[in-house]
Structure formats: C-alpha cells, structure tokens
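Welcome! Here is a short briefing to help you find your way around a structure that is new to you. Take a look at it first, and then we will go through it topic by topic.

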Amino acid sequence: MAGGDLARPSSKARAEERTILFVDEAGFYLLPFVARTYAPVGQTPVLRAPLRRDHRSVIGAVTADGRLFTRTQAKSFTGETVVAFLRQLLRQLRGKLLVI
C-alpha cells in the first residue's frame, strides 16, 4: 500500500456513501515539565512543584478530507462518554459513518 492510500476511501465505503473517520483518545497529566535548570556548579537544584493526579482526556476524530472533531474532559473517558462522542459525530456529519 502506498503512503497516500491510507486515507483514501474504499470502494465499498464510497458505494455506501459513508464518511470515514479515524478516531483515537489520549490522556494528558498536568505535571510540570522541566527541561533545564541553572544552579551553581556542584549544587543540585531543587525544584518544588505540586505533584497532583490532575489530567485531561481528549478524544478526536479526523475525516479523510481533513475535518477534525474533538472533545476534552477532566476525567477519563468511559464507554458511555465515547458513545456520546460518536452520537455527536452522527448529528454533525449526518449519514453513515465508518469509524476506524
């Protein structure tokens, strides 16, 4: 399969007039990122930051033609919230979907 063939709709999906969606979800912890610190030579810097378990969860879908749909929330996604996202997509896109 050539590099550009991945997003090309299949003939069956095209015949059924389906919108192809690539869906994924991810979680992000809101922890501080420290790339570089400065301290006198030989003295290890001590960085104080609250370490909490706060996070954001994101689910997104992109169509073969590049349209992007996302939803974020402060808690993890469950089966119910994923179904709610897919129903939202059905309302916005109208018609049949092929979710990958």
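A polar contact of 2.3 Å links the side chain of Asp65 with that of Thr63, and this is a handy place to start looking. Please keep in mind that the model is predicted. From this one spot we can move out to the turn, the sheet and the rest of the chain.

**Around Asp65**

- Asp65 sits in the loop that connects strand 2 and strand 3.
- Its side chain also has a polar contact, of 3.2 Å, with the side chain of Arg67.
- Is Asp65 buried or exposed? Asp65 counts as exposed, because its relative accessibility is 57% and the cut-off for exposed is over 50%.
- Leu21 is 44 residues away from Asp65 in sequence, yet their C-alpha atoms are 9.6 Å apart in space.
- The two strands on either side of this loop make a hairpin, with four residues between them.
- Gly66, in the turn of that hairpin, has a positive phi of about 100°.

**The overall plan**

- The protein chain has two helices and four strands.
- Read from the N terminus, these elements follow the order α-β-β-β-α-β.
- The chain holds 100 residues, and 19% of them are buried.
- Its accessible surface is about 8,100 Å², and carbon and sulfur atoms account for 55% of that.
- Of the contacts between residues at least 6 apart in sequence, 54% join residues at least 24 apart.

**How the sheet is put together**

- The four strands make an open sheet in the order 3-2-1-4, with mixed pairing.
- Strand 3 and strand 4 (96-99) are the edge strands, and each of them pairs on one side only.
- On average, neighbouring strands in this sheet are turned by 25° against each other, with direction ignored.
- Strand 1 (residues 18-29) and strand 2 (residues 55-63) run antiparallel and are joined by nine bridges.
- Along that pairing, Tyr29 is opposite His55 of strand 2, and Val23 is opposite Ala61 of strand 2.
- How many bridges join strand 2 to strand 3? There are six, and these two strands run antiparallel.
- Thr70 of strand 3 is the bridge partner of Gly60, while Thr72 of strand 3 is the bridge partner of Val58.
- Helix 2 (residues 79-93) lies across strand 1, strand 2, strand 3 and strand 4.
- The angle between helix 2 and strand 3 is about 145°.

**Two residues to compare in strand 2**

- Ser57 is a residue of strand 2, and so is Val62.
- Ser57 is buried, because its relative accessible area is 3% and buried means under 20%.
- Which residues does Ser57 touch, not counting those up to four places away in sequence? They are Ala26, Gly27, Arg71, Thr72, Gln73, Lys75, Ser76 and Phe77.
- One of these, Lys75, offers its backbone oxygen to the picture: the side chain of Ser57 reaches that oxygen at 3.1 Å.
- Val62 is partly exposed, because its relative accessible area of 30% falls between the cut-offs of 20% and 50%.
- Setting aside neighbours within four places in sequence, Val62 is in contact with Ile20, Leu21, Phe22, Arg67 and Leu68.
- Phe22 is 40 residues from Val62 along the chain, and their C-alpha atoms are separated by 5.3 Å.

**A few things to take away**

- The sheet, with its strand order 3-2-1-4, is a good frame for finding your bearings.
- Within strand 2, Ser57 is buried, whereas Val62 is partly exposed.
- Back in the loop where we began, Asp65 has side-chain polar contacts with Thr63 and Arg67.

Note on methods: Residues are numbered from 1 along each chain as its sequence is written. This is a predicted model: local features need pLDDT of at least 70, side-chain atom pairs count only at pLDDT 80 or more; totals for chains, interfaces and linings use all residues. Side-chain values use heavy atoms; hydrogens and water are left out. Buried means under 20% relative accessible area, exposed over 50%, partly exposed in between (1.4 Å probe, protein chains only). Contact means heavy atoms within 4.5 Å. Accessible areas come from the Shrake-Rupley method with a 1.4 Å probe; for residues, only the protein chains shown count as cover. Two strands pair if DSSP finds at least two bridges between them. A polar contact is a pair of N or O atoms within 3.5 Å; within protein, one must be able to donate a hydrogen and the other to accept it, and residues adjacent in sequence count only if both atoms are side-chain atoms. Axes are lines fitted to C-alpha atoms, for helices over the stretch in contact, and angles run from 0 to 180 degrees between N-to-C directions.
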